[in-house]
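Q: Please walk me through the charged side-chain pairs in this model, one partner at a time. I'd like to know where each partner sits in the chain and how open it is to the outside.

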Amino acid sequence: MRSEKGIVAAAEPEAAKVGRDILSAGGNAIDAAVAVGFALAVTYPAAGNLGGGGFLVGSIGREKETSETPQENLSSVALDFREVAPLQSTSDMYVKAKESSSLLGHLASGVPGSVDGLLHALDSWGSMSRDQVLAPAIRLAKDGFPMTQRTHSMLARKSTMNAMLKYRASADLFYPGGKPVPTGTLFKQPDLARTLDLIRQKGREGFYSGDVADHLATEMKRGGGLISLKDLKEYRSVERTPIKFPTSDGFAISMPPPSSGGICLAQISSLLEGYPFSTTEAGSARHLHLLAEAMRRSFADRNQFLGDPDFVDCQTQLLLSTDHLNKLRSSISEDVATPSSNFTSSPQGVKESEQTTHYSIVDPAGNGVAVTTTLNGSFGSKVVVPGTGFLLNNEMDDFTTRPGVPNLFGLIQGELNGIAPGKRPLSSMSPTVWHYSDGSVRGVLGTPGGPTIITNVFQVLFALDRLGLSPELAVSMPKMHHQCLPDQIYVEQGHSESVLQQLKALKHKIVTRSNIGDFQLITHLNSRGWTGISDPRGGGASF
Ligand code: DON
């Protein structure tokens, strides 16, 4: 999609349309982001959510037809609406519990942040009323929409179905008569419509106290979870300072801790400075080798040093210092892979399961907003809170739940990411805004994919910025991923066999895996306006 005006790229077309309609009605990028966030909670229940959390990164503040010098009136924002560990949680709560308890069922959920986050964004930087931005989501929940093929097939997956059918409200909503809602059936969610309407009327109180909160706390007690009325009352999203890092002719901003995204992107980008690349080298063994070496080093730091900055010292300055980065860079060899054991010694296995969602928005004034939001796994904890119509997250699994044991994404994380009441688990979500050197927005980037979020966002940005690829190619080209441990390069299908052979000769272990990500990219095309690319790997759209 190309446009001189604004663009919305999202993983589900109905929700993307909601954003476009808000922009057409004169809303700004934040208004559209809030409306899309609530709409995705209705139309894309595997990842869109009221019961989860996320991050928003934006370059905003530009009014329509104002200054010719955009840098004077654009400011960078990063909003953290990540879930927090319940007040009754303890550092070893999963050590003796059933292995699946950080992933499935009531104990897996952190206190949800999305509703507070979206409303905080609207109050702080939006221009429309709650009525205006919530109306489309309420309509979609109340009147229904045709069940999408994508959600249907996710629901039909055996493991998902077995897990969801354990919970009465989840079964009633998604499996009427014991079968997943068929593709194309008008899917109505009256309980969810009522919850959204309470949020419309009462703002955050409509969710964090009153009826909805009572339902949630009661269900937690019933199912052995920890979230209490006090947890809900105390939840607050937090404005943070984005991580800013240079690109070849400008800069990008991304999410700071409790996301590892911004720091890792800044590190990987810095580690690859000084290696010249040309367009013809895209996808070459040298390209992939150097990417892998930079990623390996950054993930070693991630897992050792990062956690919730309100609880631990992430040493951001040290991790981004010239000295530290020079030292890491000088340990890279162009001729051979460095074993990950040089940086860390834990063993690791990988499990794959990915479901999060990202959307990118640029409005007609040139404000850019990137939002990544999630329940963590597909349909989160699989628990729909009875009477409310929304699913709860399983974000507690992003903490270091059991020392030395890999999480859902195969990450082995450090002590600094241990559980404590009120603490946020370390994330990889990396909503990113790219800028020209004058400070105006040049692109908005993001994707789901657990740790592959970081490496995918990096590869797309690098392809645009350093390799000079088209936005279409930057998104569609086969991706790779290295997360230090396990010590191997994951590759999507589509890399050339000879490149993979050359990588093996450099002593890399290569593992082919399924699709990486569901990228939603918007980039500026000089005088030709904006282009929006919704990843061909997913089912989204840009309007
Ligand atoms: O915050 C994180 O890093 C994870 N909870 C994100 C999960 C995710 O991206 C799942 N996938 N597509």
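A: **Salt bridges, partner by partner**

Let's start with Arg200, which has a relative accessibility of 24% and so counts as partly exposed. Please keep in mind that this is a predicted model. The acidic partner of Arg200 is Asp131, and the closest N and O atoms of this salt bridge are 3.1 Å apart. Helix α8 (residues 190-202) holds Arg200, while helix α4 (residues 130-143) holds Asp131, so the pair ties together parts of the chain that are 69 residues apart in sequence. Asp131 is partly exposed too, with a relative accessible area of 40%.

Now move to Asp80 and its salt bridge with Arg240, where the closest N and O atoms are 2.8 Å apart. This pair links distant parts of the chain: Asp80 belongs to strand β4 (residues 75-81) and Arg240 to strand β7 (residues 238-240), 160 residues apart. Are these two partners buried or exposed? The dividing value for buried is under 20% relative accessible area. Asp80 has a relative accessible area of 0%, so this residue is buried. Arg240 has 14% relative accessibility, so this residue counts as buried as well.

Arg240 also takes part in a salt bridge with Asp310, at 3.0 Å from N to O. Here again distant parts of the chain are linked, with Asp310 in the loop between α13 (285-305) and α14 (316-319) and Arg240 in strand β7, 70 residues apart. Which residues make up the network of salt bridges around Arg240? The linked residues are Asp80, Arg240, Asp310 and Arg424. For the structure, the count of salt bridges comes to 23.

While you have the model open, the internal spaces are worth a look too. A search of the whole structure finds five cavities of 30 Å³ or more. The largest cavity has a volume of about 130 Å³. Its lining has 18 residues, and those closest to the centre are Asn376, Asp398, Phe409, Ser428 and Gly450. By type, that lining divides into six nonpolar, eight polar and four charged residues. Domain 1 (2-235 + 359-412) and domain 2 (242-341 + 430-537) both give residues to the lining of the largest cavity, so this cavity lies between them.

Notes: Residues numbered from 1 in each chain as written. Predicted model: local features only at pLDDT ≥ 70, side-chain atom pairs only at ≥ 80, totals over all residues. Heavy atoms only, no water. 1 Å grid on protein atoms, 1.4 Å probe; cavity = no way out; pocket = protein on both sides within 12 Å on 5 of 7 lines; lining within 4 Å. Points joined across faces, edges and corners; volume = space filled by probe spheres on them. Nonpolar A, V, L, I, M, F, W, Y, C, P; charged D, E, K, R; others polar. Domains from an automatic or database assignment. Salt bridge = Lys/Arg side-chain N within 4 Å of Asp/Glu carboxyl O. Helix = DSSP H or I, 4+ residues; strand = E, 2+ residues; numbered from the N terminus. Buried < 20%, exposed > 50% of the residue type's maximum accessible area, 1.4 Å probe, protein only.
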